[in-house]
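Dear colleague,

Please find below the structure that I am handing over to you. My notes on it follow directly after.

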Amino acid sequence: MLARSDESEGRGRRRLGTNHPLTTQPDPGAARPRTPRVLQHRECVGEWEAHATTGSPPPAPNNGCGGLGPITASELIAASHKAMSESTETPAEFARRPANDYKVQHAWPLDARERADFYHRPRAIPESVREWRDALVRRIADNPSAFPAVPRNSSPDEKRASVDDGLARLREITRIVELLYGTPDLGRKSVSAANAHVGRVLARLGPFNELGVRLDGLDPKQLQAVLPEVVPPPIRHSLHVNLAVHGLEVCKSIAPDCSSCDLRNLCQTYRRAQISTARASKAPRVIDLFCGAGGMSEGFSRAGFQIVAAADMDPIALRTLALNHPSLPPEGVLAGDIRELDHRSLRKLVGRRRLDVLAGAPPCQGFSSAGFRSKSTRTGYRAIGDERNYLFEWLVGMALELEPRLFLMENVPGMKTARRQDVSFLEAAARRLRAGGYITAVWQLNAAAFGVPQERTRCFLVAAAPDIELPGQPPEEYQNTRSAFDVDALPPVTLTEAVFDLPPLEAGTGSAVAGRVSPVSDNDVRLRRYLSKFQVREASKVTYNHYARYQNKQDLELYALLRPGEDSVHAIERYGRADLMRYRRDVFDDKYFRLRGDRPSKTIVSHLAKDGNGYIHPTQTRGITPREAARLQSFRDRYAFCGSPTDQWSQIGNAVPPMMAEKIARSFLAALRRG
Ligand code: SF4
């Protein structure tokens, strides 16, 4: 059976330990009596440490109870503004800044292997955390009722994995607030009342849901007792002071400003609100199978559809989808072998209404022209012998069971040419749908024709139930460089227009989460045609997934020789530098390629997970970053990709560009309204 994703919430009453009373307040985000704006002088920052069973010394030097008087909200806010103002530079200042000089000191320093990870289980556990984690695993075993989300019969390793999932989210929250507020130095002033803010913000964020621990309604004293058990020593101080500022500035007691909150996708209260709004909505409903990181879901959401379920075999890709679609309920996030999915469980998620759209993008590697051709010539690969190439049959079978009004399947054009018994795989799928009463059409679309800064041609099998009119193919507005020249079309969006405002990097620099710095002002006219028009450059104080992979000296030397549009053959012929090629020339003569900035990018592929030599930045001597690739795929900047770098690259390369999916979704919406 398919497992539900790890985003599921704990249920019922939760008790962390006998000393920690529970709350029965249903909604931690609900308005509460206003907290005094002047913080009191009673206890000290870092007091969580005093309660730690395996505590280490407080990390900050300024956490003593010096008794220098109360600190006011304005002082806290001023401290955070100082931190933020350091990341809003003029372009001239920015140009003088060394490429990798926007590092922030994190309370839990990242291991070198983790620099590019996002929302990923820690790979290296510091000694103090290891002791704390072992103690927590023992407590879970001794008192399972206090941790209801951890299965009772789970092994110690499984318990440790649950703790690590919780740690992954808590560590990401800590990283982000450190960037936002810079861990303000509050001096030797006490901030005990900040506990009220910290408690409220943590209760709303619900970072311990992976364990089933909730903090709703705990008073400061109870909170003091609970937090050392669920927050590891290195991040306690940082989390405390930064969340205190967050509570004063954004996550206020009354009317929290969720729309501008950079933690919102990680916040359980925000997610619960989004889910209940979605449940009450009358928006047409979509199920997205083989959803990956959610490009298709994102496009349909932007067009006004409601995603009720998404399934994929890759749990990390699903984590990305779930994180970025807060209105998708945890029970609708289905991880596991998709062929075991039962249509009855999907129907249950749709409710009493008929399903409007079943969409899916089954694996395409077996049909991909590059992989398919090269495999067939060198290894005797046969599409008909590849099990993955029949997953589309399962998808079509599911459509015939669920009987959606409309059906959509995306794949590479190779699905039209790969044949079994003289019938293409795509035609076989269409025939089955027609036999089930559906009307079908095949669209071959290039993403660049819809304003996506990328040449990406894909086939879409579209089917409509007999009572629905077949949707019309979405009109192409931008020049499709793979078809006849259209004088009425807008010029295609170029690679430069998509990435020029991102901070410059050197190979081996950047990180998965960084403070937003940009050499470009928000009024720059170059933003108009793409980044502003399609809200790709979203207002956020954080930049995700912008890091350039390390390259060795030899590769960088070759990169530097190439001009935009040139591949390694040019460099070899022009400069006689065959010595720089690490690959066999007869097979990989175009292995290195510098992208052109004045036209759409070539297709972003999941092979980027292996190396970036074919995607060299047009003006910087490095490969493109995942954020740049995400922009070329038309993902918005708040859409963060989870997992290791390999996970992130595969998710981005395999995704349906959300802008292309949105155009299709709008055409589907029109057909549903007509039908
Ligand atoms: S989204 Fe942000 S502001 Fe809103 S409740 Fe959550 S933490 Fe508070």
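I begin with one pair of helices: H10 and H23 pack with their axes 7 Å apart, at an angle of about 50°. An angle of that kind makes H10 oblique to H23. The crossing in which H10 passes H23 is right-handed. Please bear in mind throughout that this is a predicted model.

On the H10 side, the residues that meet H23 are Gly295, Met296, Glu298, Gly299, Phe300 and Arg302. Their counterparts in H23 are Pro658, Met659, Met660, Ala661, Glu662 and Ala665. Sorted by class, this contact of H10 with H23 holds seven nonpolar, two polar and three charged residues.

Helix H10 itself merits further description. The helix spans residues 295-302 and is mostly covered, with seven of its eight residues buried. The buried residues are Gly295, Met296, Ser297, Glu298, Gly299, Phe300 and Ser301. What do these buried residues of H10 pack against? Helix H23 (658-674) is one of the partners, and helix H11 (315-324) is another. The strands that take part are E2 (285-289), E3 (306-312), E5 (357-360) and E6 (406-411). After H10 comes glycine 304, which has a positive phi, near 105°.

For the wider setting, the protein has 23 helices and twelve strands. Of its 675 residues, 48% count as buried. Among contacts between residues at least 6 apart in sequence, 77% join residues that are at least 24 apart.

Two further helix pairs share helix H14. The first to consider is H14 (residues 391-402) with H16 (residues 425-435), whose axes lie 10 Å apart and which pack at an angle of about 15°. Angles under 35 degrees count as roughly parallel, and H14 and H16 are therefore roughly parallel to each other. Their crossing is right-handed. H14 contributes Phe392, Val396 and Ala399 to the contact, while H16 contributes Phe425, Ala429, Arg432 and Leu433. The residues of this contact of H14 with H16 comprise six nonpolar, no polar and one charged.

The other pair is formed by H14 and helix H12 (residues 343-350), whose axes come within 10 Å and cross at roughly 55°. This makes H12 oblique to H14. The crossing of H12 and H14 is again described by its hand, which is right-handed. Here His343, Leu346 and Arg347 in H12 meet Met398, Glu401 and Leu402 in H14. The contact of H12 with H14 has three nonpolar, one polar and two charged residues.

Finally, I turn to the ligand. How many residues surround the ligand, and which are the closest? There are 15 residues around the ligand, and the closest are Cys251, Pro256, Cys258, Cys261 and Cys267. Helix H6 (194-205) and helix H9 (268-280) are the elements that give two or more residues to this shell. H6 gives the most, with three residues. By class, the shell around the ligand divides into ten nonpolar, two polar and three charged residues.

In viewing the model, you may wish to start with the contact of H10 and H23, then move to H14 with its partners H16 and H12, and end with the shell around the ligand.

With kind regards

Technical notes
Residues numbered from 1 in each chain as written. Predicted model: local features only at pLDDT ≥ 70, side-chain atom pairs only at ≥ 80, totals over all residues. Near = placed C-beta within 6 Å. Helix = DSSP H or I, 4+ residues; strand = E, 2+ residues; numbered from the N terminus. Nonpolar A, V, L, I, M, F, W, Y, C, P; charged D, E, K, R; others polar. Buried ≥ 20, exposed ≤ 12 C-beta atoms within 10 Å, placed from the backbone. Contact = placed C-beta atoms within 7 Å. Axes fitted to C-alpha atoms, helices over the stretch in contact; angles between N-to-C directions. Parallel < 35°, antiparallel > 145°, perpendicular 65-115°, else oblique. Left-handed = near helix turned anticlockwise from the far one by under 90°.
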